[in-house]
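Here is a friendly walk through the empty spaces, one helix pair and one loop residue of a protein model. Have the structure open as you read.

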Amino acid sequence: MTDNRLTGVSRRGLLGVFAATAVVAAPTLSNAFGLLRGAGDIRRIRMYSGRTGESIDTIYWIEGEYIPEVAKEINHFMRDWRSDEPHEMDLRTIDIMAAAHRLMDVSEPYMLLSGYRCPKTNAMLRSRSKGVAKNSLHMKGQAADLRLQSRSVGQMAKAAAACSAGGVGKYSRSNFVHMDCGPVRSWGG
């Protein structure tokens, strides 16, 4: 016959000790997992340009690191299509775009209307519209104007604003959203 008691400790008591240990250790483990979150993180961006006919669907970040070769592809894709000038894009803007895309839970790629703008293009656009800033973040590679067929301007702007990471402009009449990595702010209707 087997004795289920270990020096005065019952099996039920032993299970209770293990359960209590698990409850006490749980917050520590969840914090540890919080610190490790992102260890297997990937970031993906999907866009197409109606102006150039090009598209891009790529992973640009893996496990805490941007992929330099892919960043160059993004720079080329987001170039000023009028002058064919590429510029180094601030990858924080791409992060905002990718995060907003994930929040909207869509598989459709963004339609890129405007990424980088050279000063000459910005001046030309500014002469035609009051909505173009003189010192636009587009000229620094820190902004993008985007559209999705499956989401409204309001839905896109709400997702971008939820990132709390930059500027979000709603251009409902023109059916696009501006996202940038500048100060947190919003405008438009």
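Helices (H or I, at least four residues) and strands (E, at least two) are taken from DSSP runs and numbered from the N terminus. With that naming, Met139 sits in the loop between H4 and S5. Please keep in mind that this is a predicted model.

**A loop residue and its neighbours**

Which residues does Met139 touch, leaving aside those up to four places away in sequence? They are His87, Tyr116, Arg117, Cys118, Pro119, Asn122 and Lys134. For one of these, Cys118, the C-alpha atom is separated from that of Met139 by 5.6 Å, and the two residues are 21 residues apart along the chain.

**The largest pocket**

Arg117, one of the residues touched by Met139, also belongs to the lining of the largest pocket. This pocket has a volume of about 770 Å³ and is lined by 29 residues. Nearest its centre lie Arg117, Val132, Asp145, Tyr171 and Phe176. Two or more lining residues come from each of strand S4 (110-114), helix H4 (119-128), strand S5 (143-147), strand S6 (167-171), strand S7 (176-180) and strand S8 (185-188). S7 gives the largest share, three residues. If you sort the lining by class, you find nine nonpolar, ten polar and ten charged residues.

**Two enclosed spaces**

Rolling a probe the size of a water molecule over the atoms shows where empty space is left. The structure has two cavities of 30 Å³ or more, set out here with the classes of their lining residues.

| Cavity | Space | Lining by class |
|---|---|---|
| Largest | About 60 Å³ | four nonpolar, four polar, two charged |
| Second largest | About 30 Å³ | three nonpolar, one polar, four charged |

Around the largest cavity you will find Ser49, Arg51, Thr52, Phe77, Arg79, Trp81, Leu112, Leu113, Ser114 and Gly115. S4 provides the largest share of that lining, with three residues. The second largest cavity is lined by Arg79, Asp80, Trp81, Arg82, Leu113, Ser114, Tyr116 and Arg117. Two of these names may be familiar: Tyr116 and Arg117 are also among the residues that Met139 touches.

**A helix pair**

Two packed helices are described by the angle between their axes and the distance between the axes. How do helix H3 (residues 91-104) and helix H5 (residues 153-162) cross, and within what distance do their axes come? The axes come within 8 Å and cross at roughly 120°. Angles of 65 to 115 degrees count as roughly perpendicular and those over 145 as roughly antiparallel, so H3 and H5 are oblique to each other. Their crossing is right-handed.

On the H3 side, Ala100, Leu103 and Met104 take part in the contact, meeting Gln155, Met156, Ala159, Ala160 and Ala162 in H5. By class, this contact has seven nonpolar residues, one polar residue and no charged residues.

Definitions and conventions:
Residues are numbered from 1 along each chain as its sequence is written. This is a predicted model: local features need pLDDT of at least 70, side-chain atom pairs count only at pLDDT 80 or more; totals for chains, interfaces and linings use all residues. Side-chain values use heavy atoms; hydrogens and water are left out. On a 1 Å grid over the protein atoms alone, a cavity is a set of points where a 1.4 Å probe fits but cannot get out, and a pocket is an open set with protein on both sides within 12 Å along at least five of seven lines; lining residues have an atom within 4 Å of a point. Grid points are joined across faces, edges and corners, and a volume is the space filled by probe spheres set on the points. Ala, Val, Leu, Ile, Met, Phe, Trp, Tyr, Cys and Pro count as nonpolar, Asp, Glu, Lys and Arg as charged, and the others, Gly among them, as polar. Axes are lines fitted to C-alpha atoms, for helices over the stretch in contact, and angles run from 0 to 180 degrees between N-to-C directions. Angles under 35 degrees count as roughly parallel, over 145 as roughly antiparallel, 65 to 115 as roughly perpendicular and the rest as oblique. A crossing is left-handed if the near helix is turned anticlockwise from the far one by less than a right angle, and right-handed if clockwise. Contact means heavy atoms within 4.5 Å.
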